[in-house]
Amino acid sequence: MLSGNLEYLISSLPQLQFSTSVEDKQRVHSVFQTYSMNDGDINLITVLDDEASKYLSAKKAEIFKQISLNTANHQRFQEHGNAVLSGFSSFLSNLKEKIKLLRLSRNQDTTYVSSPLEALQLKPGNPLEEELQLLELQWHELEELSIGHFSDFSALIAYKLKLLLLRRLWSFDETEGFIQYSKFIKITEDNG
């Protein structure tokens, strides 16, 4: 399904890949900097929201701007008429419930025949490794949901959600993570 100007917008956006490579990150940032006409630091999501709102109705633009990883699982998105948005929202809500069960089982030192970790299809690892696996699960779900959507509102929603996942993926910094982890351990030891 073609959507006029939306087709132009989507075809001009950089292709997204689930990758931590510096080259992929720089390529995406470069295109978005061109859109923003700004040589400094930019917020990829703000630029995408601004560009998309030029091609969307006011109602769709408002919905589009409200989508974030923190809100994507909200009931209003699960009940939305857009199959990609409602499908991902339901998936994310279910995923968060499984993560909650996983945390509870870890806190209780309980082993289930089918543990929440297995239900999530995650390989045991450190928190960062497991977080990366969760992001990849979400990415694959978006890939499935966006099949057949190339230049419509659904494709744009899938693109934004993927960009949000990549932004999170690209935010991981091993050195900073270790510093934060060390601070957390110290606070826990001081309070324990």
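Helices here are DSSP runs of H or I with at least four residues, numbered from the N terminus. This is a predicted model, in which local features need pLDDT of at least 70, side-chain atom pairs count only at pLDDT 80 or more, and totals for chains, interfaces and linings use all residues. Residues are numbered from 1 along each chain as its sequence is written, and side-chain values use heavy atoms, with hydrogens and water left out.

**View A. Meet lysine 160, a residue of helix α9.** Lysine 160 is buried (under 20% relative accessible area, 1.4 Å probe, protein chains only), with a value of 0%. Setting aside neighbours within four places in sequence, its contacts (heavy atoms within 4.5 Å) are Ile45, Leu48, Asp49, Phe64, Lys65 and Ile67. Lysine 160 also lies over the face of phenylalanine 64, 4.7 Å from the ring centre; for such a placement, NZ of Lys or CZ of Arg must be within 6 Å of the ring centre and within 35 degrees of the ring normal.

**View B. Here phenylalanine 64 pairs with phenylalanine 153.** Aromatic pairs have ring centres within 6.5 Å, and planes under 30 degrees apart count as stacked, over 60 as edge-to-face and the rest as tilted. This pair is tilted, at 6.4 Å centre to centre and 50° between the planes. Phenylalanine 64 sits in helix α4 and phenylalanine 153 in helix α9, 89 residues apart. Phenylalanine 64 is buried at 1%, and phenylalanine 153 is buried at 7%.

**View C. Arginine 76 and phenylalanine 77 make a charge-over-ring arrangement.** Arginine 76 lies over the ring face, at 4.5 Å from the ring centre of phenylalanine 77.

Terms used: Helices (H or I, at least four residues) and strands (E, at least two) are DSSP runs, numbered from the N terminus. Buried means under 20% relative accessible area, exposed over 50%, partly exposed in between (1.4 Å probe, protein chains only). Rings of Phe, Tyr and Trp (its six-membered ring) pair if their centres lie within 6.5 Å; planes under 30 degrees apart count as stacked, over 60 as edge-to-face and the rest as tilted.
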